[in-house]
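Got the viewer open? Let's take a short walk along the chain, one selection at a time.

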Amino acid sequence: LVCSLVGAVLVCRPTFVFGVAAGAQVPIVGYLLALCAGFSRACVYLVARKAPEVHSLWFASSTILLTNVGWLVLAQAEIMFDYTLDIVATTPHLALAWASLLAGLF
């Protein structure tokens, strides 16, 4: 738990610890998404604790599915400008292979 918290602080580099670089913008969307991800993960733990008869594969699969849907929505909402989804249209089998590999379903 402590390593996770320290890692999160080092990755998001909060301005109250590291200061603000001249002309740098605060990544509000990134901070909000990180909070939502933490909250969602906590909800998975709570639900898993309250429903012990459900197999853990269902919890893992639902988390992976919703994460992939979330990434597709973000990519289409023009919030992230780093990548496009052109690879899905040109080589869908390669896109599916990468998505499976990244999602842990490969």
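Start by selecting residues 92–103: that is helix α6, and Ala 99 sits in it. Keep in mind throughout that this is a predicted model. Show the surface around Ala 99 and you'll find a partly exposed residue, with 35% relative accessibility. Now add Asn 68 to the selection and draw a distance between the two C-alpha atoms: Ala 99 and Asn 68 are 31 residues apart along the chain, yet their C-alphas are separated by 8.1 Å.

Next, zoom out and switch to cartoon. You should count 6 helices and 0 strands, so to speak a plain run of α-α-α-α-α-α when read along the sequence. Colour by accessibility while you are here: of the 106 residues, 7% count as buried. Turn on the full surface too. The accessible area of the chain comes to about 9200 Å², and carbon and sulfur atoms account for 73% of that.

Now go to the N-terminal end and pick residues 2–12, helix α1. Is this helix tucked away or in the open? Of its 11 residues, 0 are buried, so α1 lies largely in the open. Step one selection further, to Arg 13 just after α1, and check the backbone: phi is positive there, at about 45°.

Time for a pocket. Select Cys 36, Ala 37, Ser 40, Leu 66 and Thr 67, which are the closest to the centre of the second largest pocket among the 13 residues that line it. The volume of this pocket is about 550 Å³. Which helices should you highlight around the second largest pocket? Take α3 (28–50) and α4 (56–76), since each supplies at least two residues of the lining. Of the helices, α4 gives the most, with 7 residues. Colour the lining by residue type and it divides into 7 nonpolar, 5 polar and 1 charged.

Stay with Cys 36 for the last stop, and add Cys 43 to the selection. How exposed is each one? Cys 36 is partly exposed, at a relative accessible area of 46%. Cys 43 also counts as partly exposed, with 28% relative accessibility. If you're tempted to look for a sulfur–sulfur link, recall that a disulfide is a covalent bond between the sulfur atoms of two cysteines. A search of the whole structure finds 0 disulfides, the cut-off being a pair of cysteine sulfur atoms within 2.5 Å.

Note on methods: Residues are numbered from 1 along each chain as its sequence is written. This is a predicted model: local features need pLDDT of at least 70, side-chain atom pairs count only at pLDDT 80 or more; totals for chains, interfaces and linings use all residues. Side-chain values use heavy atoms; hydrogens and water are left out. Buried means under 20% relative accessible area, exposed over 50%, partly exposed in between (1.4 Å probe, protein chains only). Helices (H or I, at least four residues) and strands (E, at least two) are DSSP runs, numbered from the N terminus. Accessible areas come from the Shrake-Rupley method with a 1.4 Å probe; for residues, only the protein chains shown count as cover. On a 1 Å grid over the protein atoms alone, a cavity is a set of points where a 1.4 Å probe fits but cannot get out, and a pocket is an open set with protein on both sides within 12 Å along at least five of seven lines; lining residues have an atom within 4 Å of a point. Grid points are joined across faces, edges and corners, and a volume is the space filled by probe spheres set on the points. Ala, Val, Leu, Ile, Met, Phe, Trp, Tyr, Cys and Pro count as nonpolar, Asp, Glu, Lys and Arg as charged, and the others, Gly among them, as polar.
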